[in-house]
There are 2 protein chains.
Amino acid sequence: MDKEIFTNLLLAKEFKAVRSILRVMNAVDIASLLSQLHDRELVQAFRLIPKDQAADVFANMSNSMQAKLVSVFTENELKELLDDLYMDDTVDLLEDLPANLVTRILENIQPDKRNMINQILNYPEDSAGSIMTTEYVSLKKTMTVAEAMAHIKVTGIHKETIYTCYVLEGRKLIGIVSAKDLMTMDDNMEISQLMETEIKSVNTHDDQEQVVRLFSKYDLLALPVLDMDGCMVGIVTIDDAMDVMEDEATEDIAIMAAVSPSEKTYFDTSVFEHAKNRIPWLLVLMLSASVTGAIISRYEEAFQAIPILVSFIPMLMDTGGNCGSQSSTLITRGIALDEVHFSDLFRVMFKEFRIALIVSAVLALANGLRILLMYDNPGLALVISLSLVGTIIIAKLIGCVLPLLAVKVKLDPAIMASPIITTLVDTCSIIIYFGIATRMFNL
Amino acid sequence: MDKEIFTNLLLAKEFKAVRSILRVMNAVDIASLLSQLHDRELVQAFRLIPKDQAADVFANMSNSMQAKLVSVFTENELKELLDDLYMDDTVDLLEDLPANLVTRILENIQPDKRNMINQILNYPEDSAGSIMTTEYVSLKKTMTVAEAMAHIKVTGIHKETIYTCYVLEGRKLIGIVSAKDLMTMDDNMEISQLMETEIKSVNTHDDQEQVVRLFSKYDLLALPVLDMDGCMVGIVTIDDAMDVMEDEATEDIAIMAAVSPSEKTYFDTSVFEHAKNRIPWLLVLMLSASVTGAIISRYEEAFQAIPILVSFIPMLMDTGGNCGSQSSTLITRGIALDEVHFSDLFRVMFKEFRIALIVSAVLALANGLRILLMYDNPGLALVISLSLVGTIIIAKLIGCVLPLLAVKVKLDPAIMASPIITTLVDTCSIIIYFGIATRMFNL
């Protein structure tokens with residue numbers, strides 16, 4: 001839908017046409033169309049959305065748009081919206097709204113829903129409990145397929161996902177039945193006969209990364225969440241798991257580039273916030289790079305005698321840094337995908353050592369030949385090639401060990417990625433380089 | 001399930017017990033248990049899996065395990081397995097098997113399935129067509145809900161996902177009905193009344209990244225795939241979309257670290273392959289770092305006069321590289337998530353410029369003070385601080401422009417990440433540094 005046409009229709013008060021347009025559009029697309037409007041038009045347009053779509057459109061809006069709408073809604077509008085909003089979307093809304101609006105919302109919500117929301121808000125950030133919804137279909141094991149289908153017909157309309165149904169005994173989860181089974185099995189079969197009892201579940205306090213791992217390992221559509229006593233309290237649905245997966249990858253990538261991760265998009269983050277997210281690591285890394293500088297100044301006499309030595313510093317530092325971050329990145333990703341574990345430490349080190357031997361042989365040869373051709377100085381070629389071999393081996397070992405050590409001490413391995421490794425490897429490469437050079441040239 | 005106990009039961013020929021154990025286990029877990037067995041036990045154990053689980057377990061195995069099994073299967077076993085295997089899993093299997101086994105499989109497959117497989121194998125790698133399955137539930141618009149449910153009961157058992165049903169007219173897709181609607185709507189309602197006609201779909205040749213984007217934007221469970229004539233040929237299911245999402249993130253992360261991406265896990269990749277994936281970029285970057293070296297050697301007289309200048313090279317290079325890769329990484333991720341586009345070029349540049357001003361002011365101040373305290377040399381402090389400001393501004397601009405330019409010329413923006421940026425920024429920082437130093441100190 002073209003934004004210009006839409007705004008013109010709104011301005012011309014052609015509300016019938018606007019309503020018709022909104023009726024055939026998808027909730028996600030309506031949300032992104034509305035995000036381009038000015039505040040007044042936004043509110044006007046939102047009120048024209050068909051009632052059964054409004055909550056869905058609202059759930060797909062950005063926090064700032066939601067806050068704008070909530071602040072102008074009448075009590076009645078707010079009540080209607082909150083009644084239609086899923087539990088997990090309501091919680092998301094509350095987590096990001098300014099305090100005065102939160103109070104308004106809690107006042108307008110049904111008391112039982114309010115209690116549940118307060119409980120979910122108390123789960124640790126990024127825990128399974130904080131991303132779950134409490135709306136799911138529960139069945140009894142003595143029901144037949146036909147009874148279960150009739151039960152879903154009555155209660156299922158407001159449940160976020162009905163494709164996995166949960167068989168409860170009291171509040172204990174004893175089995176799972178898929179909608180596929182209900183739709184394809186004989187009507188008279190009893191639930192107890194067809195339910196799956198080998199159940200994958202998480203605890204409310206489990207990390208959301210654990211949730212994502214189970215989803216992608218077992219190709220689930222929903223995952224039950226149990227409390228400390230093993231009672232069922234909610235489910236995580238696959239759309240939320242996918243969002244978490246995307247957020248976690250974005251977070252890892254940011255950390256690997258020495259940026260404090262942020263949940264906002266690039267453009268939603270202000271210049272000042274961007275600077276704040278980037279400065280701390282830059283400062284730390286800048287000061288540690290000064291250590292490398294201090295080491296270099298100890299070899300002043302060496303490069304005063306042979307000034308050409310200085311010109312190889314960038315090549316050695318860059319190659320070392322690149323080799324180190326290749327290893328650390330692959331290992332970090334392997335850890336994230338649950339393919340590499342701390343117990344593999346020695347296996348990884350041995351593998352990286354052998355890779356380093358091949359890589360450094362090729363690079364040292366290429367560089368040695370280049371120097372021989374350009375400077376006709378076999379001694380220099382040998383010094384640089386040997387330094388390269390030493391640097392690459394050290395770099396690959398540091399690159400693979402640090403992320404695994406981070407896991408061991410419960411740090412995010414992504415933090416050990418390129419920038420830190422580069423700074424560490426720099427120091428090592430300078431020591432190796434001048435160590436070899438001063439010895440070979442008797443400086 | 002403990003591997004030791006399981007192998008002992010197998011060796012003791014306690015097949016009844018093994019069968020019982022396999023019956024209560026999940027297909028994914030059986031596959032990972034079997035992956036720890038030796039070849040002979042693997043085949044033996046696979047034959048003990050309940051028939052209705054065998055294909056599912058097989059689909060969850062690694063390619064090397066699948067190849068082992070296929071090579072020892074009798075014709076009959078192979079036929080049975082292929083009958084139960086979903087179309088997309090069969091295609092995955094064929095894509096990775098050695099040629100002689102592929103022939104055996106194609107001989108044992110039903111002719112109509114074979115034709116479809118050949119067609120799917122012909123779609124470009126990483127296209128929607130190559131990851132789709134041709135099994136889906138199709139309905140007619142004149143059916144009632146009750147008729148649709150009866151239709152699914154008969155045909156749905158072998159369909160990979162039945163939660164989204166497709167309403168076809170001829171071979172054209174005219175509407176979508178969710179299983180949720182079927183389960184909750186009145187039995188006598190006609191499909192045409194409840195079907196959704198605003199349909200999100202992809203073309204067989206669309207890139208799989210586009211598929212993933214639609215899944216996460218619209219929270220879909222399945223996405224229809226249309227051919228060039230707009231006829232429906234298959235669907236992509238959410239479990240496959242999640243796999244693609246994970247693979248794409250892994251690929252981007254590898255490319256950002258200057259490693260040629262590989263679809264295998266860290267340990268499945270041999271030492272030699274690892275070296276092969278890493279050497280090319282290292283060579284390119286090493287040679288381009290030599291350019292920086294060559295530039296340094298032009299300033300030999302400068303650092304012979306003031307040797308301390310050399311010791312600030314690592315700090316300037318590292319800070320420049322880190323600043324550049326911060327920007328390039330955030331922009332690259334923004335592009336991947338469809339939040340930043342080439343048309344935003346100037347907006348991004350202006351934003352990065354302002355960020356660079358704040359960041360460089362803080363870093364230059366911190367570093368200037370440090371130098372003043374350590375060396376008591378205001379001139380040196382000024383030179384370094386000014387160089388830092390220049391380097392950071394250039395680094396941030398290069399870091400944000402290159403990924404966007406890459407998109408424009410249809411290159412993967414991830415390729416422009418840290419290593420390339422670092423090398424480019426190095427050269428700039430050296431030129432800025434010695435340019436300022438020679439001028440200020442009249443060298």
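Student: Before we look at anything, what counts as a salt bridge here?

Tutor: A salt bridge is a side-chain nitrogen of Lys or Arg within 4 Å of a carboxyl oxygen of Asp or Glu. For charge, Lys and Arg are positive, Asp and Glu negative, while His and the chain ends are not counted. Buried means under 20% relative accessible area, exposed over 50%, and partly exposed in between (1.4 Å probe, protein chains only).

A word on provenance: this is a predicted model, where local features need pLDDT of at least 70, side-chain atom pairs count only at pLDDT 80 or more, and totals for chains, interfaces and linings use all residues. Residues are numbered from 1 along each chain as its sequence is written, chains are lettered from A in the order in which they are written, and side-chain values use heavy atoms, leaving out hydrogens and water.

Student: Which side chain of opposite charge is nearest to Asp252(A)?

Tutor: That's Arg333(A), 5.0 Å away, and Asp252(A) has no salt bridge even though Asp252(A) is buried. Asp252(A) sits in helix 16 of chain A, residues 238–256 (helices are DSSP runs of H or I, at least four residues, numbered from the N terminus). Contact means heavy atoms within 4.5 Å; beyond its neighbours within four places in sequence, Asp252(A) contacts Ala336(A), Asp412(A) and Ala414(A).

Student: How many disulfides does the structure hold?

Tutor: In general, a disulfide is a covalent bond between the sulfur atoms of two cysteines. The cut-off is a pair of cysteine sulfur atoms within 2.5 Å, and over all chains there are zero. Take Cys231(A): its nearest cysteine sulfur, that of Cys165(A), is 20 Å away. Cys231(A) is buried, at 11% relative accessibility.

Student: What should I look for in a nonpolar core?

Tutor: In soluble globular proteins, nonpolar side chains tend to be buried together. A core is a set of buried Ala, Val, Leu, Ile, Met, Phe, Trp, Tyr and Cys residues joined through side-chain atoms within 4.5 Å. The largest one has 132 residues, with Leu34(A), Phe46(A), Leu34(B) and Phe46(B) having the most contacts inside it. A second, separate core of 88 residues includes Ile279(B) and Leu380(B).

Student: And how are chain A and chain B related?

Tutor: Copies are superposed by least squares on the C-alpha atoms of residues with pLDDT of at least 70 in both. Here a rotation of 180° with 0.1 Å of shift along its axis puts chain B on chain A, RMSD 0.1 Å. The two copies are therefore related as by a two-fold rotation axis. Also, 99% of the interface residues of chain B are interface residues in chain A too, so the copies meet through the same surface.

Notes:
Helix = DSSP H or I, 4+ residues; strand = E, 2+ residues; numbered from the N terminus.
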